[in-house]
Amino acid sequence: MPVSPAYRPEPRFFELGADYGDAVKSADFPQTILRLRNDRAAATVGLETLSDAEWIAHFGRFEPLPGQPGPVAMRYHGHQFRVYNPEIGDGRGFLAAQMREVPQDDKDAKRPQAASLREGGDRENQNPRLLDLGTKGSGQTPWSRHADGRLTLKGGVREALAAAMLESLGVPTCRILSLVETGEDLERHDEPSPTRSAVMVRLSHSHIRFGTFQRAAYYGRKDQIEALMEHGRSLYHPAVAPGDAAGFLGAVVQASAALTAKWIAAGFVHGVLNTDNLNVAGESFDYGPWRFLPHYEPGFTAAYFDQNGLYAFARQPEAVFWNLTQLAGCLKLIAEPESLATALNAFGPAYIRHLRAAFLNRLGVQSLGEAADQRLLDATLALAREKKEALRWEPLFFDWFGGFSSAARALGGVRGKTYQGEAFDAFRFALMEHEPDRPERLEHPMFAAPEPEELLIDEVEALWSAIDAADDWAPLKSKLARLETAKAAWSL
């Protein structure tokens, strides 16, 4: 049987019609070598029962899954580093399939993590989330321009790592379902060439970008804006009333604020926060030159070409808000500007509220109210700012997870001598106010280790080097397994 009985195809985007995408075919690759297969992610949509041969057929040669009409390259525009580009779209990928998430059992549904993963689901009828299978590196499309439509194998490895690390930290993210090496030598100007090629499949809640709306607005198509808004409202924000464009924008604003706050708490720098890289579901995807902070540095950038720091770590909230204003500008074709402005103005307060919650979650403590929670947020940032290179970002949260009940573990650990001075005293007093949240999580063996799982650039390069030099995939698979263990430790 090619798919499990739980598989529920529901190709909803395809119903929008030819104005929103173009039927395409995958490239005919010389090889299809299965490198990564994420059965845990596949099980969430009923695809875990595929044999390796069936997996390659669907995710290497892209034979349509049952009930799916075939690949569609999505049409969109976008601001790229705030310069409008009307000549982009799915240039090396397509939407391969859409299906409903498999309902979880009652035990999992009671867990906070499981509940958060269902944000966007229809709570009135408990309809599980609609998920997309999107590709990267699957060949040329009408929007490729002069590019080859391919993905480097290193790029696919990096995306799998980014998604796994973010998922382990509870950040809304796509998951990399599949990585298949395709046997071509690619020339790239920004890395040693020729380099190996791959095709990747991501499992994501939505591929409707802000730029999807921008394309319709560019052509003055009020009808397309209305259709897109209703499509996105019904599938990703069903609590919003039909026809309520300002309510839809408000829901996207709230989801984007929560996502941005969780990026900051995770020490994540996306790198290319263009309007075509943000979607209406508030889930991060399409990881290019990402980085995780080695230590607190507001101006830290991920992309070598971001010379002005437009998308630096601390400027990410500003970047997301700017992109939301572009989405609001599109919706002006179908809604009153005043109502849209009200929805936009909610971003700042929502971001701060979500940032407080994200830092509490990272420290494993309960809320004590806005004032006390803000003191802890401010004190945590002040400590990180003062210690700089002496205190890496991820170990700070690892050491103090569980609140002040972890004092003996933190002060007796490898960074014990770092925790002193005025900034630490303020942090300690702020932390002491807060009770631990589910302290039983500290019983996980991960917290007995001296170091947390990090994902700094040197480790990423070392993992790739093992593959590049000796075709050794064991270090990468071991890292992905450890990140899965870390996810369990943080969220038990």
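Here are legends for three close-up views of this predicted model.

**View 1. Strand β10 and its two partners, β3 and β11.**
Start with β10, which spans residues 175-186. Of its 12 residues, 10 are buried, so the rest of the structure largely encloses this strand. Strand β3, residues 33-37, pairs with β10 in the antiparallel sense, and 4 bridges hold that pairing. To find the register here, look for L34, which sits opposite V180 of β10. β10 also runs antiparallel to strand β11, residues 195-204, with 8 bridges between them. A handy marker for this pairing is S178, whose bridge partner in β11 is V201.

**View 2. T152 and its contacts from further along the sequence.**
T152 belongs to strand β9, a short run covering residues 151-152. Is T152 buried or exposed? Its relative accessible area is 7%, so T152 counts as buried, the cut-off being under 20%. Which residues does T152 touch, once neighbours within four places in sequence are left aside? The list is L186, R188, E191, T195, R196, S197 and A198. Some of these tie back to the first view: L186 falls within β10, residues 175-186, while T195, R196, S197 and A198 fall within β11, residues 195-204.

**View 3. A nonpolar surface patch made by F404, F429 and M432.**
These three side chains form a patch on the surface, and together F404, F429 and M432 have about 290 Å² of accessible area. M432 is part of helix α15, which covers residues 422-432. With a relative accessibility of 45%, M432 is classed as partly exposed, because that value lies between the 20% and 50% limits.

Terms used: Residues numbered from 1 in each chain as written. Predicted model: local features only at pLDDT ≥ 70, side-chain atom pairs only at ≥ 80, totals over all residues. Heavy atoms only, no water. Buried < 20%, exposed > 50% of the residue type's maximum accessible area, 1.4 Å probe, protein only. Helix = DSSP H or I, 4+ residues; strand = E, 2+ residues; numbered from the N terminus. Pairing = 2+ DSSP bridges. Contact = heavy atoms within 4.5 Å. Patch = residues over 30% accessible without salt bridge, like charges linked within 9 Å, V, L, I, M, F, W, Y side chains within 5 Å. Areas by Shrake-Rupley, 256 points an atom, 1.4 Å probe, with all protein chains shown as cover. Salt bridge = Lys/Arg side-chain N within 4 Å of Asp/Glu carboxyl O.
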